[in-house]
Amino acid sequence: MIPLQIAVATASFRQPVRQSIDTAARSKASGVQFEARHELPVADYPATARRQLLHELDERRLKVAALTFPLRRQLHDPDQLDRRIEAVRNAMQFAAQLRCKILTLDAMRAPAADSREAQRLDNVLNDLAKFGNHVGVTVTLTPVGEPPDSLIGILNRVRQGPVAVDFDPAGCIRSGRDPIADLREYAGCVGHLQIRDALRGRDGDGKETAVGRGEVDWPALLALVQEIGYVGWMTARRTDGNDPVGDVTRAVEYVRCVALGG
């Protein structure tokens, strides 16, 4: 069995950074995912602050599994595009300084093939991939309930370096898709995997729930993770609920237990 690398998204805890690091350590995760706009702003972490942060993580035997950078608009939206790309580049550089190789970006809907939007997105992603090659950080994109071939087609047009998928099984469930089937199609493209669960809704949009209480078939999903040879980070994240610390901590334990056949 390939050992699982499990992290927790500290922004889920809704705590100050230092407290969230302690919470992450108690969860028995191996890593953390920081949010790099509000939780851990790049401008607030010059060299001395970064060294101190890494020291605190090292003391707790935690690694930075990924940074995530929330976008206010679509990545390729023409409004303030240059400013947005510069902000993403800064977040990538910050990730590299934190010994992290993954930057996840918000869920993105694929533009129509051969459209002007598609061409603009291709240019943006090739630019970020080239920069990622330079700093050693890969941008990962979260699908938005579309057939995998939509995003795979975009990734195949990126020639300047790697761009990968941030796979979210809860997002599949909420949009009425099968996470097992989708992950199988994304095999070879996955750079990060979220540990989230959800229930389908009657109106086409489901609801996030605690891991193990939704409709994700975790034994089948984790078996497929092993089958496709995915060895990257899996991050437990909770965006809803009244007990995010408990839910994320239990998600780490649950996934480890399922992976061991419990």
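Select helices H8 and H9 to begin: the crossing of these two helices is right-handed. H9 covers residues 244-259, and the two helices pack at an angle of about 70°, with their axes 9 Å apart. H8 and H9 are therefore roughly perpendicular to each other. One thing to keep in mind as you go is that you are looking at a predicted model.

**Stop 1: around H8**

Show the side chains where these helices meet. On the H8 side, pick Trp218, Pro219 and Leu222; on the H9 side, pick Tyr254, Val255, Val258 and Ala259. How do the residues of this contact divide into nonpolar, polar and charged? Seven are nonpolar, none is polar and none is charged.

Now keep H8 (residues 218-227) and add helix H7 (residues 179-186), whose axis comes within 10 Å of the axis of H8 and crosses it at roughly 10°. That angle makes H7 roughly parallel to H8. From H7, select Pro179, Ile180, Leu183 and Arg184. Their counterparts in H8 are Ala220, Leu221, Leu224, Val225 and Glu227. Here the contact divides into seven nonpolar residues, two charged ones and no polar ones.

**Stop 2: glutamate 253**

Go back to H9 and click on glutamate 253, which lies in this helix. Is glutamate 253 buried or exposed? With a relative accessibility of 57%, glutamate 253 counts as exposed. Next, add serine 27 to your selection. Serine 27 and glutamate 253 are 226 residues apart along the chain, yet 8.1 Å separates their C-alpha atoms.

**Stop 3: the barrel**

Hide the helices for a moment and colour the strands. Eight of them close into a barrel with parallel pairing, and you can trace them in the order E1-E2-E3-E4-E5-E6-E7-E10. Neighbouring strands of this sheet are turned by 30° against each other on average, with direction ignored. A reminder for your notes: strands of a sheet pair through backbone hydrogen bonds, either parallel or antiparallel.

Where do the two ends of that order meet? Select strand E1 (residues 5-9) and strand E10 (residues 233-236), which pair in the parallel sense over four bridges. Glutamine 5 has tryptophan 233 of E10 as its bridge partner.

From E10, step across to E7. These two strands are parallel and share three bridges. Isoleucine 195 is paired here with alanine 236 in E10. How many residues of strand E7 (residues 190-195) are buried? Six of its six residues are, and the strand is mostly covered.

Step on to strand E6 (residues 163-167), which also pairs with E7 in the parallel sense, over three bridges. Look for aspartate 166, which stands opposite histidine 192 in E7.

Now move to strands E2 (residues 31-35) and E3, which run parallel and are joined by five bridges. Glutamine 33 stands opposite alanine 66 in E3. Strand E3 spans residues 63-69, and six of its seven residues are buried, so this strand is largely enclosed by the rest of the structure.

**Stop 4: threonine 104**

Centre your view on threonine 104, found in strand E4 (residues 102-107). Why does threonine 104 count as buried? Its relative accessible area is 2%, and buried means under 20%. To see what surrounds this residue, show Gln33, Ala66, Leu67, Thr68, Phe69, Thr140, Asp166 and His192: threonine 104 touches each of them, leaving aside residues up to four places away in sequence. Several names should be familiar from the barrel stop: Gln33 and Ala66 stand opposite each other, and so do Asp166 and His192.

**Stop 5: two loop residues**

Finish in the loops on either side of E3. Select arginine 61, in the loop between helix H2 (47-59) and E3. Arginine 61 is not a glycine, but has a positive phi of about 55°. Its relative accessibility is 76%, so arginine 61 counts as exposed.

Then select glutamine 80, in the loop between E3 and helix H3 (81-97). Glutamine 80 also has a positive phi of about 55° without being a glycine. At 42% relative accessibility, glutamine 80 counts as partly exposed.

Methods:
Residues numbered from 1 in each chain as written. Predicted model: local features only at pLDDT ≥ 70, side-chain atom pairs only at ≥ 80, totals over all residues. Heavy atoms only, no water. Axes fitted to C-alpha atoms, helices over the stretch in contact; angles between N-to-C directions. Parallel < 35°, antiparallel > 145°, perpendicular 65-115°, else oblique. Contact = heavy atoms within 4.5 Å. Nonpolar A, V, L, I, M, F, W, Y, C, P; charged D, E, K, R; others polar. Buried < 20%, exposed > 50% of the residue type's maximum accessible area, 1.4 Å probe, protein only. Left-handed = near helix turned anticlockwise from the far one by under 90°. Pairing = 2+ DSSP bridges.
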